[in-house]
Amino acid sequence: MKPINLYTYKSTHNSLDMQTFMNYLQHEYQTNQNKLEILDTIQFINQLETTNMKLFDYYYIGFTIPQISKEFDLLRISDEYIVNIELKHKCTKAKIKKQLLQNRYYLKASHKACYCYSYIANTNKLYKLVNNSIIETSFLDVIETLQNQQTFPPINLNAMFAPIKYLISPFNEPQKFLNNEYFLTNQQADIKKNITKQLHKQNFIAITGDAGTGKTLLTYDLAKEYQNKYKVTIIHCGPLNQGQQYLIQQGYNIVPPTTQIQADIIIIDEAQRMEPDILHTLIQQVQQQNLTCIFSYDPKQILTKQEQQWNHAKTIEQLCTQTHKLSGNIRTNRQIFAFITNVFDLTKRNPNYQYEQISLSHFTNITDAKSYINYQKNNHYTFINYTGTNFNDNPDIIDQLQTLQLYNTHEVIGQEFNKVIIAIDKTFYYNKNKLESKQWENIPYEPSKMLFQLITRVREQLCIVIIDNPELFTKILKIKE
C-alpha cells in the first residue's frame, strides 16, 4: 500500500463519477471505501482549512493488518509520531473510546508515539484519545498535530504491523494474557459474544478450528471472562506446559482429564484426545447437573489411529446444536502456512510465494544433522522432537536427537514458537503426492501425524532438516522453486 495526498483525493473525487473513483482507489491505492465512507472522508478533508499543501500528504487509507482484520481509516506515519484518524458517519462515545483504545494498542507496535482521533461526520465533531479517555477537541488541534510532522520515511506497513506482534499465546506469554495485552479478532469476538448468549441455555457448546486459527486464545479468554462469575474448570487433554502451570499459580483451575469435576462451566481443551470413557462420564455429569460444557477441539490434531477411530468430533457435533468454527490462519505467517499445506499435499502449490522464511537442509547421517540442529538452537530456533517411549526401543531419529530437544510432540500441544526446527528421516515418503510415513515399532503415535503437530507450532521461521532421504528432499525443494 502506498500513501495518498488528500488534496489529490478530493480533486480526483470531484472530477469523476463515484464508481470510477472507487475503482481508482482500489487499483491505485489498494483500498476499498464505500460511497458513504468516501463522502465522510471528503467532509473531513474540508475541515483542514490550510494553504500548507504538505499537510495533505502521506496518508494511508484503509490499511488492514494482515490476518487480524484490524483496519485503520487514516494513518500518517512520520519519524516524529503516528497520527490515526477514524472517520465515522455516526457513532456513540462508548464505541469511539473502545476503537481508539484498540487502535493505540496496535499502533504501539511501531514504537512511536501515537495521536488517535475520531471524526464524526453527522455531527461534525472531532474526538481525541487522551490517556484512557476521549475528549472533544478542535480541528485546530489535529491541524497542529499534523503540521508538526516533518519527515516521512518510506514505510513497509506489513512489516511495521506484522501480525506476530499481536498474536499472543496464553501458554508462551501468560503474563501478557493475564494483563489483557491482546485483542480478539472480529471473528473471535463474534464467537465469544454468541457463546456468552448461549450460556445456561445449552449444555454443550463447541469451538473448532485448524491449527493457527486462534482457538486456544479464544478458549482461555472465555475461561478468564467467566471465572469472575462462575466456577470454571479447564480440562487439558495433554501434558500441562509451563504456561499452564503459571496460570494455575494465578488461580486458574486447569487439570488433566478426570471425571472428578466440581464446576459450573467445564471447558475441555484438545477434546479430540480425551479417553472415551472419561468423555462419556463427563457428558452424563453435564446433562444430569445441567452444567455448561465448552468443547475446544481440532479433529486434524490427532496422533494415533485410535484417536481417529474415537471420532470425538462426531460425538461433539451430535451434542451441540451449533458449532463455532474459526477459519483463517492468524498465528502462522501466510507463506509458512501455505508451505506446510504443500508439504503434506504436493498438488496444493501456491506460486505466489517465495518462502523466504523456510530453510531446507539435507544430511546423510544423524550425527551431522545433530550438529546443525545444535547450531540452529543457538540461533534461537526451538527444536521439537517426535514423542518416543520410556524404553530403549525408540527409532534412531528420536533417540539420537533426544538430548537436543526442548519439547517432544505431546509437550507442545497448544503452544507456538517464533522459530522452529524439525527433522525428517527415511520414515517419510510421498504416495500419490500425499506425505505418508511408515509406522515405527513400539511407538503408538503415527509419525506423519506427529510431524503435522510439531510443524504447525511455528509462527515466523521454519527450518527443516532432512536426514538420508534425498528423494523427499528433492520433492520438498521443488515447492520453493
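# Notebook: pockets, sheet and a few buried spots

I began with the lining of the largest pocket, which by class holds 14 charged residues, eight polar and eight nonpolar. Worth jotting down before going on: this is a predicted model. I then looked up the volume of the largest pocket and got about 1100 Å³. Its lining runs to 30 residues, and Lys98, Gln102, Leu184, Asn186 and Ala189 are the ones nearest the centre. Which elements supply at least two residues each to that lining? I found β2 (70–77), β3 (82–88), α4 (93–107), α8 (186–198) and α9 (215–226).

**Second pocket**

Next I took the second largest pocket, with about 640 Å³ of space. I count 23 residues in its lining, and those closest to the centre are Lys300, Ile340, Thr341, Phe344 and Phe452. Two or more lining residues come from each of α14 (334–344), β18 (434–437) and α17 (447–455). The top contributor is α14, with four residues. By class I noted nine charged, eight nonpolar and six polar residues in this lining.

**Helix α14**

Since α14 had come up, I checked its burial. Eight of its 11 residues are buried, so I wrote it down as mostly covered. The buried set is Gln335, Ile336, Ala338, Phe339, Ile340, Asn342, Val343 and Phe344. What do these residues pack against? The list I got is β13 (358–363), β17 (428–431), β18, α17, β19 (458–467) and α18 (470–479). Ile340 and Phe344 turn up in both notes: they are buried residues of α14, and they are among the residues closest to the centre of the second largest pocket.

**Six-stranded sheet**

I traced an open sheet of six strands, paired in parallel, in the order β9-β8-β10-β11-β7-β12. Why is one side of β9 (254–255) and of β12 (323–326) left without a neighbour in the sheet? Both stand at the edges and each has a single partner strand, so there is nothing in the sheet to flank the other side. Inside the sheet I looked at β10 (residues 265–269) and β11 (residues 292–297), which run parallel and are joined by five bridges. Ile268 has Phe295 of β11 as its bridge partner. I also checked what lies across this sheet: α9 does, over β7 (204–209), β8 (232–236), β9, β10, β11 and β12, at about 150° to β7. I had already met α9 as a supplier of lining residues for the largest pocket.

**β1 and β2**

Strand β1 (residues 60–65) is mostly covered, with five of its six residues buried. It runs antiparallel to β2, and five bridges join the two. Tyr60 sits opposite Leu75 in β2. Four residues lie between the strands of this hairpin, and there I noted that Gln67 has a positive phi near 75°.

**α1 against α2**

For helix α1 (residues 6–15) and helix α2 (residues 18–29), I got axes that come within 9 Å and cross at roughly 145°. On the α1 side I listed Thr8, Tyr9, Thr12 and His13, which meet Met18, Phe21, Tyr24 and Leu25 in α2. Five residues of this contact are nonpolar, three are polar and none is charged.

**Thr389**

Last, a single loop residue: Thr389, between β14 (382–385) and α16 (396–399). Buried or exposed? Its relative accessibility is 19% and the cut-off for buried is under 20%, so Thr389 counts as buried. Setting aside neighbours within four places in sequence, I found Thr389 in contact with Asn394, Asn442 and Ile443.

Methods:
Residues are numbered from 1 along each chain as its sequence is written. This is a predicted model: local features need pLDDT of at least 70, side-chain atom pairs count only at pLDDT 80 or more; totals for chains, interfaces and linings use all residues. Side-chain values use heavy atoms; hydrogens and water are left out. On a 1 Å grid over the protein atoms alone, a cavity is a set of points where a 1.4 Å probe fits but cannot get out, and a pocket is an open set with protein on both sides within 12 Å along at least five of seven lines; lining residues have an atom within 4 Å of a point. Grid points are joined across faces, edges and corners, and a volume is the space filled by probe spheres set on the points. Ala, Val, Leu, Ile, Met, Phe, Trp, Tyr, Cys and Pro count as nonpolar, Asp, Glu, Lys and Arg as charged, and the others, Gly among them, as polar. Axes are lines fitted to C-alpha atoms, for helices over the stretch in contact, and angles run from 0 to 180 degrees between N-to-C directions. Contact means heavy atoms within 4.5 Å. Two strands pair if DSSP finds at least two bridges between them. Buried means under 20% relative accessible area, exposed over 50%, partly exposed in between (1.4 Å probe, protein chains only).
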